[in-house]
Amino acid sequence: MKIVVIGGTGLIGSKTIKILQERGHDAIAASPNSGVNTVTGEGLAAVLAGADVVIDVANSPSFADDDVLAFFTASGRNLLKAEAEAGVKHHVALSVVGTQLLAESGYFRGKIAQENLIREGKVPYTIVHSTQFFEFLGGIAQSGADGNAVRLSPALVQPISSDDVALAMADYATGAPLNGTVEIAGPEAFPLSELVQQYLVSIGDPRKVQADAGARYFGALLDERTLVPAGKARLGRSTIQNWLRNK
């Protein structure tokens, strides 16, 4: 199949393309660097010509609330319109476990808007809700930085490796559209505050993490299970311990 990966030069996109190419598919990375801009629509018609599947793993270049919403809205509309015109048979989008519960966060309001466009569109789809990647732990720690400490919620999190995310994206993209949402997660759940403390120790960061149920996660308050799958999820194999040893 011809499979176009929007955001194909990023962490998940590049790994997904490698898997698809190894399986014999014509997987193409599409990004502004390759002349494809989903926000303006530039290059979309050309890259989607003859495409069977589109995988969207692109992210907003700015995390400011208004910028995120504008990015996911414009990108989603342009991409889905171009896919419908090109006869694309399957749209696969990467999103986040708990997105619908995190509307206090500007970032997640953008993801909610993106998902709504997909559900309301004409292209058969699969939305993949993933838990946080191991690679995001540094960013999560920074988001809770408070002087010489880090304040984070003790809500549960079930982190997953980027390799396992890419494998799942490749598998769902080459399967039939589900016209629904699936969840993927790592094999183990931890309190977020404890997980980030483990990460900081592993990199030699002396800061202590303070568990605070009132600490916001990128602007949103968390319940205990906001960030873990709500139903039966596809579980990755890689553990956080292995990742910390090999990173």
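**Close-up 1. Strands β7 and β11 in the smaller view of pairing.** Strand β7 (residues 149-152) runs parallel to β11, and 4 bridges link the two. Two strands count as paired if DSSP finds at least two bridges between them; strands are DSSP runs of E with at least two residues, helices are runs of H or I with at least four, and both are numbered from the N terminus. Across this pairing, Leu152 stands opposite Ala211 in β11. This is a predicted model, in which local features need pLDDT of at least 70, side-chain atom pairs count only at pLDDT 80 or more, and totals for chains, interfaces and linings use all residues. Residues are numbered from 1 along each chain as its sequence is written, and side-chain values use heavy atoms, leaving out hydrogens and water.

**Close-up 2. The open sheet of 3 strands and helix α7.** The strand order here is β6-β7-β11, with mixed pairing. Because β6 (145-146) and β11 (208-211) each have a single partner strand, one side of each is left without a neighbour in the sheet. Helix α7 (residues 192-202) lies across β7 and β11, at about 180 degrees to β11. Such angles run from 0 to 180 degrees between N-to-C directions, with axes fitted to C-alpha atoms, for helices over the stretch in contact; contact means heavy atoms within 4.5 Å.

**Close-up 3. The open sheet of 7 strands.** Follow the strands in the order β2-β1-β3-β4-β5-β9-β12, where the pairing is parallel. At the edges are β2 (26-30) and β12 (234-235), each pairing on one side only. Further in, β5 (residues 125-130) and β9 (residues 180-185) are joined by 5 bridges. Here His129 has Glu183 of β9 as its bridge partner. Helix α4 (residues 106-120) packs on this sheet, touching β3 (53-56), β4 (90-96), β5 and β9, and its direction makes about 160 degrees with that of β4.

**Close-up 4. Helices α3 and α4 side by side.** The axes of α3 (residues 65-86) and α4 come within 8 Å and cross at roughly 15 degrees. The two helices are therefore roughly parallel to each other, a label given to angles under 35 degrees. Among the residues making the contact are Leu69 and Phe72 of α3, and Tyr107 and Leu117 of α4.

**Close-up 5. A salt bridge within helix α3.** The side chains of Lys81 and Glu85 meet at 2.7 Å, N to O. Both residues lie in α3, 4 residues apart, about one turn of the helix. A salt bridge needs a side-chain nitrogen of Lys or Arg within 4 Å of a carboxyl oxygen of Asp or Glu, and the count by this rule is 11.

Technical notes. Angles under 35 degrees count as roughly parallel, over 145 as roughly antiparallel, 65 to 115 as roughly perpendicular and the rest as oblique.
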